[in-house]
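Reader: I am new to this structure, and I would like to understand the reasoning behind the words that are used to describe it. Could you take me through it step by step?

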Amino acid sequence: MRAELGQALRGLLLLSARSCSCSGAGRRRWLVPPLPRCSWLSTMAQCSTEQRGRPHSPEYRLYFKNAEGKYISPFHDIPLLAGSKEDKEVPVKRSKTNGSEVVFNMVVEVPRWSNAKMEIATKEPLNPIKQDIKKGKLRYVANIFPHKGYIWNYGALPQTWEDPHHKDKDTGCCGDNDPIDVCEIGTKVHSPGEIIQVKVLGVMALIDEGETDWKIIAISVDDPEAQKIHDIDDVKKHKPGYLEATAEWFRLYKVPDDKPENQFAFNGEFKDKDFAVEIIKSTHEYWKALLHKKADPGAIKCTNVLVHDSPFCCSEEEARLIVQSAPPPASGDSVSAEVDVWHFLNK
């Protein structure tokens, strides 16, 4: 079993290195060796976004560029594993208390305290961020007292996929057909399209309309409290009430839309870091199968620029034409005052 886990991790590292065009060569804690130096990873902060269309409108899109100015997919081209921010090769960031810790890239879709339900457009080429639409209307999450909008920075781990054809042995439900979601619990409010480096702390399993919808709990490695928060128990100690508020938020957030309360696997229990990492590893394997035509993509668009051994890899020019075909940027529409309404529910 240990040999199999080690082999899977080595494969994940090689895939992450290959996808960013680097040159150079029972549950256990995931210890990660130094990653090969990669310009994509060491300049992650230089990743930029390009707006198309009008904010708060159905045609709004946020496309991604890497440090070289290439249009890329945040779903497929940003490596799952983060490397060094420094110019020299160094190991992943280390905890003062428990040795090496793996660090992941997170794509921020929704800033904390905001309401617009922004998400990676998995069914569009290059997968820009867009605002979700239901029944012809832009989606905004309701403010359920005492909360305002999302109570964390919300986003996804790139190069992961919750396979809708795979029934999870623990939850008894299939995946929700999206990258795995992340709730970043740090102090800073991040912006849509930011790529931040996070360490994983735990996970909860939401059952959303009969589908498994994992919610990773993580914290930015640059957060002032990151050095003292390493696992889910540390969240309970240093941020009392946050996990309970998170469970309540996910249980109730659809109720103002006349939908039933969501349910959870494991009786709503948050699982620890090691469990969460195993879930991430499995969703990364499903993503690899997706990108190499070993899984049915359905309506998912796998267009990418940097996963060179994928049959869906396109040229820089093809990627540019995809972006240029979108509406030009424009000033945003105003948002209805209804977005700020508070909802008081019997809990």
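Author: Let us begin with a cut-off: a residue is called exposed when its relative accessible area is over 50%, and buried when that value is under 20%. Please keep in mind throughout that this is a predicted model.

Reader: Why is Phe-344 called exposed?

Author: The relative accessibility of Phe-344 is 59%, and the cut-off for exposed is over 50%, so Phe-344 counts as exposed. Phe-344 lies in the segment that follows strand E18 (342-343), and together with Phe-145 and Trp-342 it makes a nonpolar surface patch of about 350 Å².

Reader: What is notable about the peptide bond that joins Phe-145 and Pro-146?

Author: That bond is cis, with an omega of about 10°, and Pro-146 is found in the loop between strand E11 (143-144) and E12. As a general matter, most peptide bonds are trans.

Reader: Why does Gln-197 count as buried or exposed?

Author: Gln-197 has a relative accessibility of 10%, and the cut-off for buried is under 20%, so Gln-197 counts as buried. Gln-197 belongs to strand E14 (residues 195-208), and its side chain makes a polar contact of 2.8 Å with the side chain of Asn-105.

Reader: What makes Glu-209 exposed?

Author: Its relative accessibility of 56% is to be set against the cut-off of over 50%, and Glu-209 therefore counts as exposed. Glu-209 sits in the loop between E14 and E15, and although it is not a glycine it has a positive phi of about 50°. Phe-266, in the loop between strand E16 (263-264) and strand E17 (271-272), is not a glycine either and has a positive phi of about 60°. In general, most residues other than glycine have a negative phi.

Reader: How do you know that E13 is paired with E12 and with E15?

Author: Two strands pair if at least two bridges are found between them. Strand E12 (residues 153-156) is joined to E13 by 4 bridges, and these two strands run antiparallel; within this pair, Ala-156 stands opposite Asp-181. E13 is also joined by 4 bridges to strand E15 (residues 211-220), in this case running parallel, and Ile-216 in E15 is the bridge partner of Val-182.

Reader: Which way do the residues of strand E13 point?

Author: In strand E13 (residues 181-184), Asp-181 and Cys-183 point one way while Val-182 and Glu-184 point the other way, and all of them are buried.

Reader: What makes you say that the length of helix H5 agrees with its number of residues?

Author: The expected span is 1.5 Å times one less than the number of residues, so the 19 residues of helix H5 (residues 273-291) should span 27 Å, and the end C-alpha atoms are indeed 27 Å apart, which agrees. At the start of H5, a side-chain oxygen of Asp-272 reaches to within 3.3 Å of the backbone nitrogen of Asp-274, while just after H5 Lys-293 takes a positive phi of about 60°.

Reader: Why is H5 called largely enclosed?

Author: Of the 19 residues of H5, 16 are buried, so H5 is largely enclosed by the rest of the structure.

Reader: And what is there to say about the protein as a whole?

Author: The protein has 6 helices and 18 strands, and buried residues make up 55% of its 347 residues. It exposes about 15500 Å², of which carbon and sulfur atoms supply 51%.

How values were computed
Residues numbered from 1 in each chain as written. Predicted model: local features only at pLDDT ≥ 70, side-chain atom pairs only at ≥ 80, totals over all residues. Heavy atoms only, no water. Buried < 20%, exposed > 50% of the residue type's maximum accessible area, 1.4 Å probe, protein only. Areas by Shrake-Rupley, 256 points an atom, 1.4 Å probe, with all protein chains shown as cover. Patch = residues over 30% accessible without salt bridge, like charges linked within 9 Å, V, L, I, M, F, W, Y side chains within 5 Å. Salt bridge = Lys/Arg side-chain N within 4 Å of Asp/Glu carboxyl O. Polar contact = N/O pair within 3.5 Å; in protein donor to acceptor, adjacent residues only side chain to side chain.
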